[in-house]
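Colleague: Could you take me through one spot in this model up close? I'd like to see what sits around it too.

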Amino acid sequence: MRNFKTFIFIGLLLIIPGTSKSQVWQREAADSTGLDKGQECSLALDSKNNPRIAYYDDDFQDLRYASYSNGIWTVEIVDSIGNAGRDCSLALDAQDRPHISYQQDYLGHYWSLKYATKT
């Protein structure tokens, strides 16, 4: 009897909408140039729910910013002086302007905290 109840319970779960099918992930490359992109990334959604990503590019050791709009990713270099962009954190203001905090290494020994915004 117990196995029969378990069978009925599983059967009901398969009938209930949304429980029989798993959600499908949608994936695409925001920046596919080079090999080591997207390390230490930070994501924010703008007012239209478009993704914006700040991330460290290990190939060139710089901070990059990718924004998605109308089916197109746009990638910008935010800071390429020294080794810039580790431990980045992204926030968008009320006008969807990006604000990014991050670390920058000038001589391999001295890390400084930096802030960038797009004006």
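Where is the place of Asp-96?

Modeller: Asp-96 is in the loop between strand S5 (83-92) and strand S6 (98-105); strands here are DSSP runs of E, at least two residues, numbered from the N terminus. Before going on: this is a predicted model, where local features need pLDDT of at least 70, side-chain atom pairs count only at pLDDT 80 or more, and totals for chains, interfaces and linings use all residues. Residues are numbered from 1 along each chain as its sequence is written, and side-chain values use heavy atoms, with hydrogens and water left out.

Back to the loop. Asp-96 isn't glycine, yet its phi is positive, near 65 degrees. Asp-96 counts as buried because its relative accessibility is 17% (buried is under 20% relative accessible area, exposed over 50%, partly exposed in between, with a 1.4 Å probe and protein chains only).

The strands on either side, S5 and S6, both feed the largest nonpolar core, as does S3, each with two or more residues. That core has 10 residues, including Cys-88, Leu-90, Ile-100 and Tyr-102; a nonpolar core is a set of buried Ala, Val, Leu, Ile, Met, Phe, Trp, Tyr and Cys residues joined through side-chain atoms within 4.5 Å. S5 gives the most, three residues.

Tyr-102 is worth a click. Ignoring neighbours within four places in sequence, Tyr-102 is in contact (heavy atoms within 4.5 Å) with residues including Leu-63, Ala-84, Cys-88 and Ala-116.

Notes
Helices (H or I, at least four residues) and strands (E, at least two) are DSSP runs, numbered from the N terminus.
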